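Please look over the sequence and the model shown here before reading on. The text that follows is a guided walk through the fold and one annotated site.

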Amino acid sequence: MPLKYKRVLLKLSGEALAGDKGFGIDYDVIRTISQSIQKCVALGAQIGIVVGGGNFFRGRSSDQIDRTRADHMGMLATVMNALALADGLEAQQVPVRVQTAITMQQIAEPYIRGRAIRHLEKGRVVIFGCGTGNPYFSTDTASSLRAAEIDADIILKATMVDGVYDRDPHKYEAAVRYDNVSFQEVLEKGLGVMDSTAAAMCRDNNIPVLVFSLSNPDNILAAISGEQIGTIVKEEKADE
């Protein structure tokens, strides 16, 4: 199976790793995701991963803790997910490195762009923990930043829905799914693909985003192979 995208940034939400449990880590989910990633790596894909932490703690949802401190707690939650995913990948014989934006050398490598790219070139999956390392920035923004830094061809945003809709499909039966949408529309209509900072960064750096459902983990392989799944978000060209 040929690859459409050689180097990708895969964004996984913390909620996805919790599965039906709703909290913590579902190791069956970790295993199935790792198996799909293994298939991609075997085909020659270079994969960087940003994981969220919402299955443990979401900084912006806390109104009783100082926002900066709460965001730091959320960053630590992403590290737990990163380590769990690394363990799942190693169980599938996939070489993997965890890099964190906050230094914790006994646990993971510090994030160094050149080292991350070298790992990717050698066929290792790199998992980026701690978001950007700064409060007030989401892991979606971290995905946009890391994708730009590693020169990723695309961001693959694995979510709980099968694409981008004009309204919440869980609330409105008449919600319509887009096959293609521009970042300008995402920002103007507030479509909820990612926060505005992340969307603007992708737009300004011409990084497309493919939003698809993780209900079938092999959708990761389908996405990298260029199959028509989910919704592609990209900046419109002047001649389009």
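The paragraphs below take the sheet, then a helix that packs on it, then the annotated positions.

This is a predicted model. Its framework includes an open sheet of nine strands, in the order 4-3-5-2-1-6-10-11-9, with mixed pairing. At the edges stand strand 4 (109-110) and strand 9 (180-181); each has a single partner strand, so one side of each is left without a neighbour in the sheet.

Strand 1, residues 7-12, is a convenient place to start, and six of its six residues are buried. The burial applies to both faces: Arg 7, Leu 9 and Lys 11 are buried on one side, and Val 8, Leu 10 and Leu 12 are buried on the other. Strand 1 pairs with strand 2 (residues 46-51) in the parallel sense, over six bridges. Within that pairing, Leu 10 has Ile 49 of strand 2 as its bridge partner. Strand 1 also pairs with strand 6 (residues 154-159), again in the parallel sense, over five bridges. Here Val 8 is the residue that stands opposite Ile 154 of strand 6.

From strand 2 the sheet can be followed on to strand 5: the two run parallel and are joined by three bridges. Ile 49 takes part here too, with Ile 127 as its bridge partner in strand 5. Helix 3 (residues 67-91) packs on the sheet and touches strand 1, strand 2, strand 3 (96-100) and strand 5. The direction of helix 3 makes about 170° with that of strand 3.

Which positions does the record mark as a binding site? The unreviewed UniProt entry gives that annotation to Gly 53, Asp 71, Thr 132, Gly 133, Asn 134, Pro 135, Tyr 136, Phe 137, Ser 138 and Thr 139. These residues are spread over 87 residues of sequence, yet they cluster in space, with a largest C-alpha distance of 14.5 Å. The lining of the largest pocket takes in residues from this set, including Gly 53, Asp 71, Gly 133 and Asn 134.

Two of the annotated residues can be examined in more detail. Gly 133 is placed in the loop between strand 5 (125-129) and helix 5 (139-149), and Asn 134 lies in the loop between strand 5 and helix 5 as well. Is Gly 133 buried or exposed? Its relative accessible area is 18%, and buried means under 20%, so Gly 133 is buried. Asn 134, with a relative accessible area of 38%, is partly exposed. Leaving aside neighbours within four places in sequence, Gly 133 is in contact with Met 75, Ala 101 and Ile 102.

Methods: Residues are numbered from 1 along each chain as its sequence is written. This is a predicted model: local features need pLDDT of at least 70, side-chain atom pairs count only at pLDDT 80 or more; totals for chains, interfaces and linings use all residues. Side-chain values use heavy atoms; hydrogens and water are left out. Buried means under 20% relative accessible area, exposed over 50%, partly exposed in between (1.4 Å probe, protein chains only). Helices (H or I, at least four residues) and strands (E, at least two) are DSSP runs, numbered from the N terminus. Two strands pair if DSSP finds at least two bridges between them. UniProt positions are given in the numbering used here, feature names are shortened, and annotations may be inferred rather than shown by experiment. On a 1 Å grid over the protein atoms alone, a cavity is a set of points where a 1.4 Å probe fits but cannot get out, and a pocket is an open set with protein on both sides within 12 Å along at least five of seven lines; lining residues have an atom within 4 Å of a point. Contact means heavy atoms within 4.5 Å. Axes are lines fitted to C-alpha atoms, for helices over the stretch in contact, and angles run from 0 to 180 degrees between N-to-C directions.
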